[in-house]
Amino acid sequence: MIEKPADVFGRTHEWDDLVRFACDDSPGLRIGVVRGRRRHGKSFLLEHLCRAVDGTYTLALRQSRTMALNRFADSLSSALGYRIGRFDDWVHALDTAVDSLTRSEGSAPPLLVLDEFPYLSAHSPELPTAVQALYDQRGPSTGHPPFKLILCGSALSVMSTLLSGDQALRGRAVLDLKIGPFRHRDAAAFWDSEPETALLIDAVIGGAPGYRDVIGAPPRSGAFGEWLETSLLNPSHILFAEPDYLLAEDPRIGDRAVYHSIWEAVSSGAATPTQIGGLIGMDAKSLGYHLKIMRDGGFIRHDQDILLQRKPVITVADPAVRFHHLIVRPNLLDLEMRNSRLVWEHSAETFSSKILGPHFEEIAREWVRWHGREAGLEDIGQVGTTEVACREHRGHEVDVVALSRRSMARAKGAGISLLGEAKCTNRPRGVSDLARLEHIRDLLVSHGWDARDARFALFSRSGFTDDLKAAADPRSLLIDLPELYGKAS
């Protein structure tokens, strides 16, 4: 196994998967697909892979078909060390690339990476079929020499369909690698930030490592507002219009105004097609196409209630987009006039309730999934949220619900192993918070769920009262910000 380069942060599993794929000397052509959102580090990882195995990396641009073919020929010529002429079509181009690279000397099987594949297929819709023909002629069963081809792209709506349904490449790839953002602990380590600062950074830009390249150093302690004033709230900064760049990655998106409106509606709290349509002036049926594009593109999420059969809740997938539509867009005039400090001061409540609070809840669920074993949580299956009917209190929203491993989501009577509450306020959590979870557990039991042995977890940004610490039994978890980030003393 080739050791991961020192300047590749994290991504251990992803690196191992790529190396395993690239170094497999089984005969014939094998195809890999790598996909992920912009700024998540796909190209960075593949460039290092090509250096490690002496592969050929070519990055597509938004160009005409002829210019794209010429650019590919130039990249291939540079890798081979001699000119190979021009190509008129992709069938000839790919055949020549495989033949030429197979004949070249190298310690590993030849590797060719086509990065930003959707840019190529946008003007050459026959390209996936050309790759299919290449595979059918040179695949594992043909006895041809080993060769590896990786197709990479940021347009998730395009990349996610390459291997689906009746598409040309279905059943022909052996690697389908998704490169996502860093989880909260990895993001904190990447930014070299303490928990409080890491939480704030994560809430506004998430775990996309590429943002550090354009922002630079993390904010100093207590200087988060100043940091925003020079970056996301600065009209001259590249991230000021980040949502436009994200939408531009998807070739299926035409009128961006509609998609911005959807983002704005969802960021403001609209969670169903009917609610979204009511805010932007479209009926839910007409909105269906746009919502599917945004979901396929990874721009929005459909979060299912983990216990109940009901319509999914639509949320914004990218923290940077949520921040833009809740803080930047409503204050464009003031920001253009360079009143960013005033905007930030006036946006404190919005940031706390609609950005920081929901993000803290998501991190709490992430902690249960990935780090719950640290606190002795062994029987953790699917993790999500739910609403519990209650005549006395008109219902309860539960921030963290973990099912047992043997249970399926939305199956009546499923076993519930954990109930949790996550609060990102400046007030320490007290005994009443634990009593609320006990009340919710009793309600769930009365409704037919197997929750009698469920453990409780309280997640707090500001710690816990002494009364709660004294009253909580050993099976109840009190998780503060340092423990959430693995920094507990």
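User: What is the bridge partner of Thr386 in strand 9, and what makes strand 8 and strand 9 a pair?

Analyst: Val398 is the bridge partner of Thr386 in strand 9. The model is predicted, so local features need pLDDT of at least 70 and side-chain atom pairs count only at pLDDT 80 or more, whereas totals for chains, interfaces and linings use all residues. Residues are numbered from 1 along each chain as its sequence is written, and side-chain values use heavy atoms, with hydrogens and water left out. Strands and helices are DSSP runs numbered from the N terminus (E, at least two residues, for strands; H or I, at least four, for helices), and two strands pair if DSSP finds at least two bridges between them. Strand 8 and strand 9 (residues 396–403) are joined by five bridges in the antiparallel sense, and therefore they satisfy that rule.

User: Why are strand 8 and strand 12 called edge strands?

Analyst: The sheet is open, with five strands in the order 8-9-10-11-12 and mixed pairing. Strand 8 (383–388) and strand 12 (477–480) each have a single partner strand, so one side of each is left without a neighbour in the sheet. From one strand to the next the twist averages 30°, where axes are lines fitted to C-alpha atoms (for helices over the stretch in contact) and angles run from 0 to 180 degrees between N-to-C directions.

User: How do you know which strands helix 19 packs on?

Analyst: The test is contact, which means heavy atoms within 4.5 Å. Helix 19 (residues 348–371) touches strand 8, strand 9, strand 10 (416–423), strand 11 (455–460) and strand 12, and its direction makes about 20° with that of strand 9.

User: What makes a group of residues a nonpolar core, and which residues touch the most other members of the largest one?

Analyst: A nonpolar core is a set of buried Ala, Val, Leu, Ile, Met, Phe, Trp, Tyr and Cys residues joined through side-chain atoms within 4.5 Å; buried means under 20% relative accessible area, exposed over 50%, and partly exposed in between, with a 1.4 Å probe and protein chains only. The largest such core has 50 residues, of which Phe323 and Phe459 touch the most other members, and helix 19 gives the most to this core, with eight residues. Apart from it lies another core, of 34 residues, among them Leu29, Ala60, Leu69 and Phe117.

User: Why is helix 9 described as largely enclosed?

Analyst: In helix 9 (residues 195–205), 10 of the 11 residues are buried, so the rest of the structure largely encloses this helix. The cover over its buried residues includes helix 8 (184–191), helix 10 (210–215), helix 11 (224–229), helix 16 (319–328), helix 19 and helix 22 (481–484). Just after helix 9, Gly206 takes a positive phi of about 70°.

User: Why is the ring pair of Phe72 and Phe87 called tilted?

Analyst: Rings of Phe, Tyr and Trp (its six-membered ring) pair if their centres lie within 6.5 Å; planes under 30 degrees apart count as stacked, over 60 as edge-to-face, and the rest as tilted. By this rule there are 13 aromatic pairs. The centres of Phe72 and Phe87 are 6.2 Å apart and the planes stand at 45°, so the pair is tilted. Phe72 belongs to helix 3 (residues 65–80) and Phe87 to the loop between helix 3 and helix 4 (90–103), 15 residues apart. Relative accessibility is 3% for Phe72, which therefore counts as buried, and 5% for Phe87, which is also buried.

User: How do you know that Arg183 lies over the face of Trp370?

Analyst: A charge sits over a ring if NZ of Lys or CZ of Arg is within 6 Å of the ring centre and within 35 degrees of the ring normal. Arg183 lies over the face of Trp370 at 3.4 Å from the ring centre, and the charged end of Arg212 sits over the ring of Phe190, 6.0 Å from its centre.

User: What makes the phi of Glu116 notable, and is Glu116 buried or exposed?

Analyst: Most residues other than glycine have a negative phi. Glu116 is not a glycine, yet its phi is positive, about 55°. This residue is found in the loop between strand 3 and helix 5 (117–123), and at 10% relative accessibility Glu116 counts as buried. Asp192, likewise not a glycine, has a positive phi near 55°, but Asp192 is exposed, with a relative accessible area of 66%.
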